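Student: I have a protein model open in front of me and I'm not sure how to read it. Could you take me through it, one feature at a time?

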Amino acid sequence: MIFRRTIRVVLLSSFLVAQSPIPRVQLKPAFPNLPPFERPVWMTQPNDGTGRFFVVEQIGRIHVFANDRNAAPSKLFLDLTGQTGVVHNEEGLLCMAFHPDYKKNGKFYVYYCVQKPRRTILSEFQASQADPNKADPTSERILFQVEQPYGNH
């Protein structure tokens with residue numbers, strides 16, 4: 001059984017009151033115009049000077065949006081839902097990282113699980129040369145894969 005939940009990105013603000021030893025905490029949406037993400041597991045920014053945010057959904061999607069409180073909607077950067085396998089709670093698309101020279105080469109890395117046979121894969125992709133807010137799904141280069149006999153880490 002797959003548990004589905006949606007989560008909004010929120011900004012934590014705390015206010016200290018001089019007479020109170022316990023801070024009052026208030027949650028506010030950081031990006032109130034973005035729709036909820038489905039099972040987000042990772043949020044990161046490339047070192048390309050754009051300030052964009054990338055959100056990785058465990059189900060196999062990566063979204064990108066501007067670092068702007070009024071950003072809406074996010075754009076689908078990469079969709080691996082046809083490849084990733086989420087049978088157990090610790091499977092699917094789990095993270096991404098940008099190449100140190102991402103600004104020049106557009107390379108980034110993803111770590112995800114597949115089924116039949118169950119294994120984890122570390123792959124390199126490239127951003128589209130025509131649109132920096134899209135990945136080139138045909139650019140995948142598998143760097144490492146290992147069989148996983150179990151559905152958890």
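Tutor: Happy to. Let's begin with a term: a residue is buried if its relative accessible area is under 20%, exposed if over 50%, and partly exposed in between. Keep in mind that this is a predicted model.

Student: Let me try that on a cysteine. Is Cys 95 buried, exposed or partly exposed?

Tutor: Cys 95 has 25% relative accessibility, so it falls in the partly exposed class. Cys 113, on the other hand, is at 5%, so that one is buried.

Student: And how many disulfides are there in the whole structure?

Tutor: First the general idea: a disulfide is a covalent bond that links the sulfur atoms of two cysteines. In this model, a search of the whole structure turns up zero of them.

Student: Okay, let's zoom out. What does the secondary structure come to?

Tutor: One helix and twelve strands. If you walk along the sequence, the pattern reads β-β-β-β-β-β-β-β-β-α-β-β-β. As for burial, 36% of the 153 residues count as buried.

Student: How do strands come together into a sheet?

Tutor: In general, strands of a sheet pair through backbone hydrogen bonds, and the pairing is either parallel or antiparallel. Here, one open sheet has four strands in the order β5-β6-β7-β8, with antiparallel pairing. β5 and β8 are its edge strands, each pairing on one side only. From one strand to the next, the twist averages 25 degrees.

Student: Which strands does β6 pair with, and over how many bridges?

Tutor: On one side, β6 pairs with β5 (residues 40–44) over four bridges, in the antiparallel sense. Look for Pro 40, which stands opposite Glu 57 of β6. β6 also runs antiparallel to β7 (residues 61–65), joined by five bridges. There, Phe 54 has Val 64 in β7 as its bridge partner.

Student: What happens where the chain turns from β6 to β7?

Tutor: That's a hairpin with three residues between the strands, and Gly 60 takes a positive phi near 120 degrees in it. Carry on across the sheet and you find β7 and β8 paired in the antiparallel sense over four bridges. Arg 61 has Asp 79 in β8 as its bridge partner.

Student: Why is β6 described as largely enclosed?

Tutor: Start with the general rule: in a regular strand, side chains alternate between the two faces of the sheet. Now apply it to β6. Phe 53, Val 55 and Glu 57 lie on one side, Phe 54 and Val 56 on the other, and all are buried, so both faces are covered. With five of its five residues (53–57) buried, the strand is largely enclosed by the rest of the structure.

Student: Where does the other four-stranded sheet come in?

Tutor: It's an open sheet too, ordered β9-β10-β11-β12 with antiparallel pairing. β9 (93–98) and β12 (135–147) stand at its edges with a single partner strand each, so one side of each has no neighbour in the sheet. Between them, β10 (residues 107–114) and β11 (residues 119–127) are joined by eight bridges. One to find is Tyr 109, whose bridge partner in β11 is Glu 124.

Student: Which residues touch the most other members of the largest nonpolar core?

Tutor: The core has 19 residues, and the ones with that role are Phe 54, Ile 62, Phe 77, Leu 78, Met 96, Phe 108 and Val 110. β6, β7, β8, β9, β10 and β11 each give two or more residues to this core. β10 gives the most, with four. Click on Val 110: leaving out residues up to four places away in sequence, the ones it touches include Ile 62, Cys 95, Met 96 and Phe 125. Apart from this core lies another, of eight residues, among them Ala 30, Phe 31, Leu 34 and Phe 65.

Student: One last residue. Is Arg 52 buried or exposed?

Tutor: Arg 52 sits in the loop between β5 and β6. At 9% relative accessibility, Arg 52 counts as buried. Setting aside neighbours within four places in sequence, Arg 52 is in contact with residues including Thr 44, Phe 65, Tyr 102 and Pro 132. Arg 52 and Asp 68 are 16 residues apart along the chain, and their C-alpha atoms are separated by 8.6 Å.

Terms used
Residues numbered from 1 in each chain as written. Predicted model: local features only at pLDDT ≥ 70, side-chain atom pairs only at ≥ 80, totals over all residues. Heavy atoms only, no water. Disulfide = S-S within 2.5 Å. Buried < 20%, exposed > 50% of the residue type's maximum accessible area, 1.4 Å probe, protein only. Pairing = 2+ DSSP bridges. Core = buried A, V, L, I, M, F, W, Y, C linked by side-chain atoms within 4.5 Å. Contact = heavy atoms within 4.5 Å. Axes fitted to C-alpha atoms, helices over the stretch in contact; angles between N-to-C directions.
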